[in-house]
Amino acid sequence: MNQLDEPVAKNHHFELDGEELRVENPDTLALGSSLSALNSPVSTELSTELELPLTRIKPASGWHVIDFRELWRFRELLFFLTWRDVRVRYKQTVLGAAWAVLQPLCMMIVFSLFLGRLAKSEAIDIPYPLFVLAGLLPWTFFGNSVSNSGQSVVVNERLVTKIYFPRIIIPLAAVGAGLVDFVIALGLLAVMMVYYMVFRDVQTGWMILLLPIPMLGMLVAALGVGSLLAALTVAYRDFRHAVPFLMQVWMFATPSIYMPMSTLAESRWAAWLPINPAFGFVQNFRLALLGRPLDWYSLAVSGAVSLVLLFLGCLYFRRVEHQFADII
């Protein structure tokens with residue numbers, strides 16, 4: 001055997017007065033002393049004091065539909081998820097955020113071409129393109145928010161199964177991203193409003209300051225319906241195919257987008273139309289934009305329905321959210 005291949009001795013032997021003295025390897029000796037130290041009462045007490053506290057994560061109990069305190073704690077996560085949804089939506093696109101303007105613009109052109117006869121009606125005292133655009137903008141926000149929030153939990157599958165956070169933040173972030181698109185699209189409405197005020201004598205008033213009221217109601221309704229659909233989509237994937245069709249039918253079932261109220265008032269169902277929350281909010285958004293008094297009846301009925309939808313949607317979402325990670 002080569003000298004370099006000789007094994008290294010693990011023990012050292014010495015002779016002392018005819019008796020063999022055996023000295024262990026220093027590494028072995030240190031390990032043995034450490035193990036004996038851990039078995040001592042003092043070390044046991046010390047290790048007990050150094051133990052980290054046990055944290056248990058379990059579903060919250062009670063009838064709290066929305067835990068606002070917990071949402072406030074995770075407000076930064078809500079902001080980043082909203083901003084992520086906005087960036088992902090327009091990532092690697094040529095037009096970018098211009099798509100938020102093109103969608104209502106194209107819809108306005110289609111409605112103006114095929115429903116242009118309403119523009120000649122005496123019931124509409126403003127140009128029909130402006131009339132229909134003022135209805136399409138809040139509806140586009142509502143429709144896109146409901147569609148995106150309905151798919152939000154399934155889309156964020158890995159996020160749901162990896163870490164804990166209030167799951168209601170996911171559909172709420174989707175609604176927040178839709179609100180960003182709405183603010184961008186307001187630029188188109190502002191340009192058209194200025195144009196018709198200069199060349200077509202369209203007027204507005206101080207009632208325009210009340211625009212946030214119908215938009216707040218539309219946001220509440222979108223969050224209620226979106227959270228309900230988000231929870232249902234996790235368990236029943238049929239809703240992924242049904243929601244786009246549902247939103248198309250819902251748009252045409254909201255006649256305040258493309259028809260004047262004077263025409264709708266002649267219907268015997270006029271008093272029941274605000275049960276559709278989009279109906280009352282779209283109508284009052286247009287009235288506030290033109291500086292006219294709000295229709296408080298439709299606003300109150302649509303507001304009450306939106307609050308009921310928010311309660312039911314968030315309640316069901318909260319009751320089943322602990323199952324998301326298992327069945328998603």
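Tyr-195 sits in helix H8, which covers residues 169-199. In this predicted model, Tyr-195 is partly exposed, with a relative accessible area of 45%. Helix H8 is a good thread to follow here, so to speak, through a surface patch, a helix pair and a salt bridge.

**Helix H8 and the surface patch**
- Tyr-195 joins Val-194, Met-197, Val-198 and Phe-199 in a nonpolar surface patch of about 530 Å².
- Tyr-195 can be part of such a patch because its relative accessible area of 45% is over the 30% that patch residues need.

**How H8 packs against H9**
- Helix H9 spans residues 212-235, and its axis lies 9 Å from that of H8.
- The two helices pack at an angle of about 145°, and the crossing of H8 and H9 is right-handed.
- On the H8 side, the residues that meet H9 are Pro-171, Leu-172, Val-175, Leu-179 and Phe-182.
- Their partners in H9 are Met-215, Leu-219, Ala-222, Leu-223 and Ser-227.

**Salt bridges**
- How many salt bridges does a search of the whole structure find? The search finds two.
- One of them links Asp-181 and Arg-89, with the closest N and O atoms 2.2 Å apart.
- Asp-181 belongs to helix H8 and Arg-89 to helix H4 (residues 75-89), so this pair ties together parts that are 92 residues apart in sequence.
- Is Asp-181 buried or exposed? Asp-181 counts as buried, at 10% relative accessibility, while Arg-89 is partly exposed at 29%.
- The side chains of Arg-84 and Asp-85 also meet in a salt bridge, at 2.9 Å from N to O.
- Arg-84 counts as partly exposed, with a relative accessibility of 31%.

**Arg-73 and Phe-165**
- Arg-73 is found in helix H3, which runs over residues 68-73.
- With a relative accessible area of 61%, Arg-73 is exposed.
- Arg-73 and Phe-165 are 92 residues apart in sequence, yet their C-alpha atoms are 9.8 Å apart in space.

**The protein as a whole**
- The secondary structure comes to 14 helices and two strands.
- Of the 328 residues in the protein, 41% are buried.
- Among contacts with a separation of 6 or more, 76% are between residues 24 or more positions apart.
- The accessible surface comes to about 20300 Å², and carbon and sulfur atoms account for 64% of that surface.

Conventions. Residues are numbered from 1 along each chain as its sequence is written. This is a predicted model: local features need pLDDT of at least 70, side-chain atom pairs count only at pLDDT 80 or more; totals for chains, interfaces and linings use all residues. Side-chain values use heavy atoms; hydrogens and water are left out. Patches are made of residues with over 30% relative accessible area and no salt bridge: like charges are joined within 9 Å, nonpolar side chains (Val, Leu, Ile, Met, Phe, Trp, Tyr) within 5 Å. Accessible areas come from the Shrake-Rupley method with a 1.4 Å probe; for residues, only the protein chains shown count as cover. A salt bridge is a side-chain nitrogen of Lys or Arg within 4 Å of a carboxyl oxygen of Asp or Glu. Helices (H or I, at least four residues) and strands (E, at least two) are DSSP runs, numbered from the N terminus. Buried means under 20% relative accessible area, exposed over 50%, partly exposed in between (1.4 Å probe, protein chains only). Axes are lines fitted to C-alpha atoms, for helices over the stretch in contact, and angles run from 0 to 180 degrees between N-to-C directions. A crossing is left-handed if the near helix is turned anticlockwise from the far one by less than a right angle, and right-handed if clockwise. Contact means heavy atoms within 4.5 Å.
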